[in-house]
Amino acid sequence: KSQHNLEPRFKPPLSDQRGPSNSQGPLLPNRGSQWVCGHSVQKQNYRQEKKRAAKELFSALKDPSVVIMSNWLKIRGSLKSWTKLWCALKPGVLLIYKTPKTDHWVGTILLSACKLIERPSKKDGFCFKLYHPLEKSIWAVKGPKGENVGSITQPLPSNYLIFRAASESDGRCWMDALELALSCSSLYKLTAKAGREADISTSSESSHILHLLQLNDTLLLGNHHMEHDGFSDKSEREAHDDWDTTANENGGRLTEESDMDQSDELSPGPQATAYVEQSNEEMAEAGEASQVETVSEENKGLIWGLLKQLRPGMDLSKVVLPTFILEPRSFLDKLSDYYYHADLLSQAALEESAYGRIKQVLRWYLSGFYKKPKGLKKPYNPILGERFRCCWLHPQTDSCTFYIAEQVSHHPPISAFYICNRKDGFSISGSILAKSKFYGNSLSAILDGKARLLFLSRDEEYVITMPYAHCKGILYGTMTLELGGKVTIECEKTKCFTELEFKLKPFLGGSCSVNQISGKISVGEELLATVDGHWDSEVFIHEKRSGLQETLWNPSQEIRSSRLKRQVVQIDQQGEFESERLWQHVTSAIMDRDQMRATQEKFVLEEAQRREARERGDKPWVPRLFQQDPVTSEWSYRHMDVQPWDPERCLVQFEKDGVIQTHEKSQRQHNGLSYSHSWASQQKVKSSSTTPEPTHESSDNEGEVHTHTNKHTNTHTHSFSHKMQSVV
């Protein structure tokens, strides 16, 4: 129990207390022969009382001993099973932990967004429910100490929680305490302003909770009117409502604290795709051992049957490969491996010198190769119209890098992709034409295409090419996968040029000659540095001017563990043409090592695609998210936005249904609105709920938030699922 007496902090303002003892102005008779204070004195006392209450509550919040109530409660999860967790109730928030020691934080509920009701139950104990009346999230984006991810428990709902106390008396006690906390949650939001007026310093925990409440009030609740205290007459109900609003101390004049008219209104925050952190992934160790495949006797027969159909120099794009060599994910998914270190591009955008930028771009480029599956594996060939999306959160810059990919052509197989982080100032677009050639005892997978990296604020473009994958030892020897060929990174504006050669292992080479690379960096005609090393381990750079050698890139265990965490869409929230959902049955069979079932499921997808192609006839396929330039034949994202980030106008970047958009504000938007924790950080909350499409229309009304996107209306209706069902 708290040592502080909370009762005085929540008593009604003096203006509501009747009697001559409170009179400080001329006494006015009212009906019933009672005396009340004059109107102007009432307003003055009212504002003073609000200030006093806010200041006292703010001081109490700084004290970690201020806990209204804490005890064990059972909480029902999304799967309708109960988990016993420790709950600590503070003004404005309900903190949930695994134990009373508060070391293992599970989540924080923002009470300013909640309603409370009793919930009947046939079981022992007493149940009650906290919920959002508009079915939006009730969770804070981070923990009381800034934690990004809570302790692992069973999945919990996003917009409500059902609690069970041990007895009815305990439950009634919690209900009373929650009603008290709910009644002061609006007052809690005033404490940040009161703290600025009184110059009160806060602890990191209390200030972080204050910020979460303010952010929740603006982004999640939405549609709140920002009222000010005028001198017009108001009813007792309106005076009570003023307790939840900010006082205007300047006679109704707009101030820095209250700079919106009574008619101004905040539109709801961006309703975007809910991402969750990827749970697991496969990553092999560096070296040749992880790139070797031992083929079983059973599978050797499948390979010989396949080789009988092939001729040297033949294109393998139309050949059906056995499922035992498949990596259980789509090629669209595999292309995203280059962005686990996208924070290197965030740093490159800030480099002042052109040489510094291209060196950092090269460091990022090398970071995309060490993540590889164990053995010789090939990802799924994407189905026409297949899409994949994911993102990476940047804790250092409080931003998010979004990745969107779509299979825009099947014959020839072309995959288009777009990556964007406007806040950090970069985007990447491009397409890959996958070609395969058979040479007898070896085959090569050639990635023909270019990626264009653009630094938005500099209008600086880097054109990047890719190496090819080479598999040898198909007929005799050990099956081994390597990377080979020359690649370039070139910027026409700065005249910076990088050339790298991925070297295949020579016939008599040892283990140290595996995965070797060498290259150079030039600016104009001047050679500035040379590069050598191994693409899956350490790479060195030799500076020509200084003669110094340093490590350019080294995917050590520390680097691997600190890389950005990929966020994905839960499979039950994916569209029918998204990669994981589309290939889920094939993936399940491969993970169960059931090759026959995997082959059957793969045949269902491929046959449905062939049937749809026959029915489509000569009608061209129209991709949903990408379009082709009729002159250059290059593919580009339909909703591309290359405008530099304007911190005065841009609030947050988000994605919905494959469309990357920016939530913006106009000049008269409330200056105190804080978006240091972007929408992307909110997606740390593991939500299984879906949200409506955000409004894409810009408004001419001042003070109105709007969403900016270059959205086109060209879409294509898929009948693929019906074809697949008919095949099944």
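**Exercise 1.** Find the residue in strand 20 that stands opposite Ala-445, then list the strands that pair with strand 18.

*Solution.* Ala-445 stands opposite Ala-469 in strand 20. The model is predicted: local features need pLDDT of at least 70, side-chain atom pairs count only at pLDDT 80 or more, and totals for chains, interfaces and linings use all residues. Residues are numbered from 1 along each chain as its sequence is written, and side-chain values use heavy atoms, with hydrogens and water left out.

Step 1: fix the terms. Strands (E, at least two residues) and helices (H or I, at least four) are DSSP runs numbered from the N terminus. Two strands pair if DSSP finds at least two bridges between them.

Step 2: take the pairings in turn.
- Strand 18 (residues 442–455) is joined to strand 17 (residues 426–438) by 13 bridges, antiparallel; Ala-434 is opposite Leu-447 here.
- Five antiparallel bridges link strand 18 with strand 19 (residues 460–464), and Ala-451 faces Ile-464 there.
- With strand 20 (residues 468–472), strand 18 makes four bridges, again antiparallel.

**Exercise 2.** Is strand 16 buried or exposed, and which strands pair with it?

*Solution.* Step 1: apply the cut-offs. Buried means under 20% relative accessible area, exposed over 50%, and partly exposed in between (1.4 Å probe, protein chains only).

Step 2: count. Eight of the eight residues of strand 16 (residues 414–421) are buried, so the strand is largely enclosed by the rest of the structure.

Step 3: check each face. In a regular strand the side chains alternate between the two faces of the sheet. One side of strand 16 carries Ile-414, Ala-416, Tyr-418 and Cys-420, the other Ser-415, Phe-417, Ile-419 and Asn-421, and all are buried.

Step 4: find the partners. Strand 15 (residues 399–409) runs antiparallel to strand 16 over seven bridges, with Ile-404 bridged to Tyr-418. Eight bridges join strand 16 to strand 17, also antiparallel, and Ile-414 has Leu-433 as its bridge partner.

Step 5: look at the connections. Four residues make the hairpin link from strand 15 to strand 16. Pro-412 lies in that loop, and a cis peptide bond with omega of about 5 degrees joins His-411 to Pro-412. The hairpin of strand 16 and strand 17 also has four residues between the strands, and Gly-425 in its turn has a positive phi of about 85 degrees.

**Exercise 3.** Which residues other than glycine have a positive phi, and are they buried or exposed?

*Solution.* Most residues other than glycine have a negative phi, and most peptide bonds are trans. Two cases are treated here.

Step 1: Glu-135 has a phi near 60 degrees. Glu-135 sits in the loop between strand 8 and strand 9 and is exposed, at 61% relative accessible area.

Step 2: Asp-459 has a positive phi of about 55 degrees. Asp-459 belongs to the loop between strand 18 and strand 19, and counts as exposed at 58% relative accessibility.

Step 3: for contrast, take Gly-143, which is in the loop between strand 8 (126–131) and strand 9 (160–165). Gly-143 is buried, with a relative accessible area of 0%.

**Exercise 4.** Describe the largest nonpolar core and the contacts of Tyr-339.

*Solution.* Step 1: a nonpolar core is a set of buried Ala, Val, Leu, Ile, Met, Phe, Trp, Tyr and Cys residues joined through side-chain atoms within 4.5 Å.

Step 2: the largest has 56 residues, and Tyr-339, Trp-364, Tyr-365, Tyr-403 and Phe-417 have the most contacts inside it. Helix 10 (residues 354–366) gives the most to this core, seven residues.

Step 3: a contact means heavy atoms within 4.5 Å. Leaving out residues up to four places away in sequence, Tyr-339 touches Trp-364, Trp-392, Tyr-403, Phe-417, Ile-419, Ile-428 and Leu-564.

Step 4: a second, separate core of 29 residues includes Ile-75, Leu-111, Trp-139 and Met-175.

**Exercise 5.** How many disulfides does the structure hold, and how far is the nearest cysteine sulfur from Cys-391 and from Cys-491?

*Solution.* Step 1: a disulfide is a pair of cysteine sulfur atoms within 2.5 Å. A search of the whole structure finds zero.

Step 2: for Cys-391 the nearest cysteine sulfur is that of Cys-400, 3.7 Å away; Cys-391 is buried at 1% relative accessible area.

Step 3: for Cys-491 the nearest is that of Cys-496, 6.2 Å away; Cys-491 is also buried, at 1%.
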